[in-house]
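User: Please take me through this model in short steps. I will ask, and you reason to a value or a name.

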Amino acid sequence: MNEVIRLIKPGFRDSFESYWAMHFCSVLETLYEHKQLQFNIKKSIPQEHPRTLANFNAHTEQMFLSRIRNNIYNWGLQYFLCHYLMSAEGKPVFDSLMSEISNNYGFDLKRNFHSYGVFVCGIDSYSGANFLNATTAEIFGYNEKTISNVYEDIKYVDLCFIINRFQGDTLNTAILGEVEGNNAVKLNRENFWNKKSSFCSFGIGVGKIDSDMELVNLRAESGIKTVLTLGSQFDVIEDFKIAIGILETFFSITPNHRLQFVAGQKEVVDIIRYFWDKPITDLIETLRAKVSRVETASIGTNALSVSSVPTIKT
């Protein structure tokens with residue numbers, strides 16, 4: 001049985017350039033990091049060729065992005081949330097999730113709180129797999145259970161919040177959850193959670209609701225799940241799709257195609273144009289540097305995966 005708890009309002013939008021950098025960066029990270037995409041930058045470009053957007057376009061079929069658009073809507077939400085939930089606009093959403101989960105389990109997740117980060121988690125992602133292999137935080141709600149010693153049970157989990165605490169308190173905490181970018185209604189079904197890792201505490205998805213965001217608590221066999229639904233008409237979700245559409249135009253026509261832009265878009269698109277023939281990792285890192293985070297989100301997110309020895313910042 002589930003119950004609507006309350007509607008959630010986002011915080012202020014501090015910079016339009018940062019806002020659009022967040023969207024385009026998330027789409028490019030999905031194309032670079034997500035293994036399950038039919039057209040993935042790492043899989044599509046032969047190893048002897050530099051990994052650039054120009055080479056990605058040259059080694060894929062025409063209109064390839066339109067064929068995987070719905071997959072990017074779905075899996076790309078994971079990468080987008082990593083930036084959004086650490087932004088000034090998304091921080092109230094993160095705080096609401098933490099408060100709700102805390103109330104459900106009678107433990108204040110903000111106790112002795114120092115900092116936090118949001119990570120793609122799971123072996124469907126190159127950087128998500130690296131995260132699992134490099135992180136030893138204690139899983140929320142389970143004494144003596146860490147990410148490293150329950151790897152097999154959580155290797156398909158989508159998202160992880162890491163909370164660091166001041167010295168002398170409990171171990172750093174990992175809060176695990178599922179993401180449904182195309183069909184949030186699944187998250188409100190008990191049988192969905194019965195098939196997922198029992199270590200999950202929350203779910204986030206996009207669905208048809210009348211508001212921008214709403215929270216629901218659902219009782220499942222493995223415990224209470226806090227479900228956040230983002231409205232499909234919420235401007236943040238629509239803008240993510242607009243970013244995909246602009247890149248689709250660049251891949252199918254030319255990156256120099258003339259377009260009309262809203263505030264903040266042109267500056268970010270000009271960066272993408274400049275880096276079209278340069279390493280995709282340099283482009284993503286440049287866009288990441290444009291994305292503003294709140295001060296307490298100092299842990300950050302996944303380090304980009306590389307071909308040699310992967311690293312992760314925790």
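Analyst: A definition comes before the first count: buried means under 20% relative accessible area, exposed means over 50%, and partly exposed lies in between. Keep in mind that this is a predicted model.

User: What percentage of the residues in the protein chain is buried?

Analyst: The cut-off for burial is under 20% relative accessible area. The protein chain has 314 residues, and the buried share of them is 56%.

User: Which radius of gyration does the protein chain have, and why does it agree with a compact globule?

Analyst: The C-alpha atoms fill a box of roughly 55 × 45 × 35 Å along the principal axes. A compact globule of 314 residues would have a radius of gyration near 20 Å, so the chain's value agrees with it: 19 Å.

User: How many helices and strands are in the protein chain?

Analyst: Both kinds of element are present in the protein chain. The counts are 12 helices and eight strands.

User: Among contacts between residues at least 6 apart in sequence, what percentage joins residues at least 24 apart?

Analyst: Contact here means heavy atoms within 4.5 Å. Pairs at least 6 apart in sequence form the pool, and the share joining residues at least 24 apart is 68%.

User: How far apart do the centres of the positive and negative side chains lie?

Analyst: The protein chain carries 31 positive and 35 negative side chains. The centres of these two sets are separated by 3 Å.

User: Which helix gives the largest share of the largest nonpolar core?

Analyst: That core has 79 residues, and F24, L31, F161 and I204 touch the most other members. Its largest share is 10 residues, and they come from helix α1 (residues 16-33). Another core, of 26 residues, lies apart from it and includes A137, V157, A220 and I299. The helix asked for is α1.

User: Which residues does L31 touch, not counting those up to four places away in sequence?

Analyst: L31 is one of the four residues that touch the most other members of the largest core. Beyond four places in sequence, the residues touching L31 are L37, F39, N40, I41, F56, L65, I68 and I72.

User: Is R288 buried or exposed?

Analyst: R288 sits in helix α12 (residues 280-290). Leaving aside neighbours within four places, R288 contacts C25, E29, H83, T301, N302, A303 and L304. Its relative accessibility is 15%, and the limit for burial is 20%. R288 therefore counts as buried.

User: Where is M63 found?

Analyst: M63 is not a glycine, yet it has a positive phi of about 60 degrees. M63 counts as partly exposed because its relative accessibility is 40%. Its place is the loop between α3 (53-58) and α4 (64-67).

User: What is the phi of N112, about how many degrees?

Analyst: N112 lies in the loop between α6 (91-105) and β2 (113-120). Its relative accessible area is 31%, so N112 is partly exposed. N112 is not a glycine, but its phi is positive, at about 55 degrees.

User: What distance separates the C-alpha atoms of E190 and V216?

Analyst: E190 belongs to helix α9 (residues 190-194). At 34% relative accessibility, E190 is partly exposed. Not counting residues up to four places away, E190 touches L218, R219, A220 and E221. V216 is 26 residues from E190 along the chain, and their C-alpha atoms are separated by 13 Å.

How values were computed:
Residues are numbered from 1 along each chain as its sequence is written. This is a predicted model: local features need pLDDT of at least 70, side-chain atom pairs count only at pLDDT 80 or more; totals for chains, interfaces and linings use all residues. Side-chain values use heavy atoms; hydrogens and water are left out. Helices (H or I, at least four residues) and strands (E, at least two) are DSSP runs, numbered from the N terminus. The radius of gyration is taken over C-alpha atoms; the globule rule is 2.2 Å times the number of residues to the power 0.38. Buried means under 20% relative accessible area, exposed over 50%, partly exposed in between (1.4 Å probe, protein chains only). Lys and Arg count as positive and Asp and Glu as negative; His and the chain ends are not counted. The place of a charge is taken as NZ of Lys, CZ of Arg, CG of Asp or CD of Glu. A nonpolar core is a set of buried Ala, Val, Leu, Ile, Met, Phe, Trp, Tyr and Cys residues joined through side-chain atoms within 4.5 Å.
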